[in-house]
Amino acid sequence: MSEDIVWETSFKNALALAKRANKLVLASFFDPCCDACNRLKQSVLTSGCVQDYVHEHFIAVKYESGADSDQFMRFCVTAKPMIIVLDADGTEIFRKIGYFEPELFVSKLEMAVKKAAHRAAKSPA
């Protein structure tokens, strides 16, 4: 049975947890007045396949428009919903805007994981 995604509220904590767990950071940017954001939150992020994949590969952190405007500016978020995948050092690996059905959402996350692995393999040790 899938568990709900645990959302960190601190970027610094998310990075530290990602480093310790050897995972990536999944940063999600939402606006409560955005229909696509609400659909993503209610039907995609509650899907078992999405929750399982996020638990396995990511430390998740969520930001809401208005309350977290500093993070929206930091990551130049101009459209919502947006997901940004970062490595444990905070380097952006992947960015996608919009609503995706659960299976497509997981495939986007899989692309990010593969891209991160490819980058890590090319980096000098």
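**Helices, cores and rings: a short talk**

I'll start with one contact: the charged end of Arg39 sits over the ring of Tyr99, 4.4 Å from the ring centre. Keep in mind throughout that this is a predicted model.

Now to helix 5, residues 102-122. How far apart should its ends be? At 1.5 Å a residue, its 21 residues should span 30 Å, and the end C-alpha atoms are indeed 30 Å apart, so the two values agree. The buried residues of helix 5 are Pro102, Phe105, Val106, Lys108, Leu109, Ala112, Val113 and Ala116. They cover an arc of only 155° around the axis, so they sit on the same side of helix 5. On the other side, Glu103, Lys114, His118, Ala121 and Lys122 are exposed. What do the buried residues of helix 5 pack against? The list is strand 2, helix 2, helix 3, strand 3, strand 4 and strand 5.

Helix 3, residues 48-57, can be read in a similar way. Its buried residues are Val50, Gln51, Tyr53, Val54 and His57. Seen down the axis, these fall within an arc of 165°, so they line one face of helix 3. Their cover includes strand 2, helix 2, strand 3 and helix 5.

Next, the cores. In soluble globular proteins, nonpolar side chains tend to be buried together. Here the largest nonpolar core has 25 residues, and those touching the most other members are Val50, Val54, Phe58, Val85, Phe105 and Leu109. At least two residues each come from strand 2, helix 2, helix 3, strand 3, strand 4, strand 5 and helix 5. Helix 5 gives the largest share, six residues. Take Leu109: leaving aside residues up to four places away in sequence, Leu109 touches Leu26, Tyr53, Val54, Phe58, Ile83 and Val85. There is also a second, separate core of 17 residues, with Leu15, Val25, Ala27 and Ile59 among them.

Last, the aromatic rings. How many aromatic pairs does a search of the whole structure find? It finds five. One is the tilted pair of Phe29 and Tyr63, at 5.3 Å centre to centre and 35° between the planes. Phe29 is in strand 2 and Tyr63 in strand 3, so this pair ties together parts 34 residues apart in sequence. Phe29 is buried, at 0% relative accessible area, and Tyr63 is buried too, at 2%. The rings of Tyr53 and Phe58 have centres 6.3 Å apart and planes at 50°, so that pair is also tilted. Finally, ring pairs link Phe11, Phe29, Tyr63, Phe72 and Phe75 into a cluster.

Key:
Residues are numbered from 1 along each chain as its sequence is written. This is a predicted model: local features need pLDDT of at least 70, side-chain atom pairs count only at pLDDT 80 or more; totals for chains, interfaces and linings use all residues. Side-chain values use heavy atoms; hydrogens and water are left out. Buried means under 20% relative accessible area, exposed over 50%, partly exposed in between (1.4 Å probe, protein chains only). Helices (H or I, at least four residues) and strands (E, at least two) are DSSP runs, numbered from the N terminus. The arc is that of the directions from the helix axis to the C-beta atoms. Contact means heavy atoms within 4.5 Å. A nonpolar core is a set of buried Ala, Val, Leu, Ile, Met, Phe, Trp, Tyr and Cys residues joined through side-chain atoms within 4.5 Å. The expected span of a helix is 1.5 Å times one less than its number of residues. Rings of Phe, Tyr and Trp (its six-membered ring) pair if their centres lie within 6.5 Å; planes under 30 degrees apart count as stacked, over 60 as edge-to-face and the rest as tilted. A charge sits over a ring if NZ of Lys or CZ of Arg is within 6 Å of the ring centre and within 35 degrees of the ring normal.
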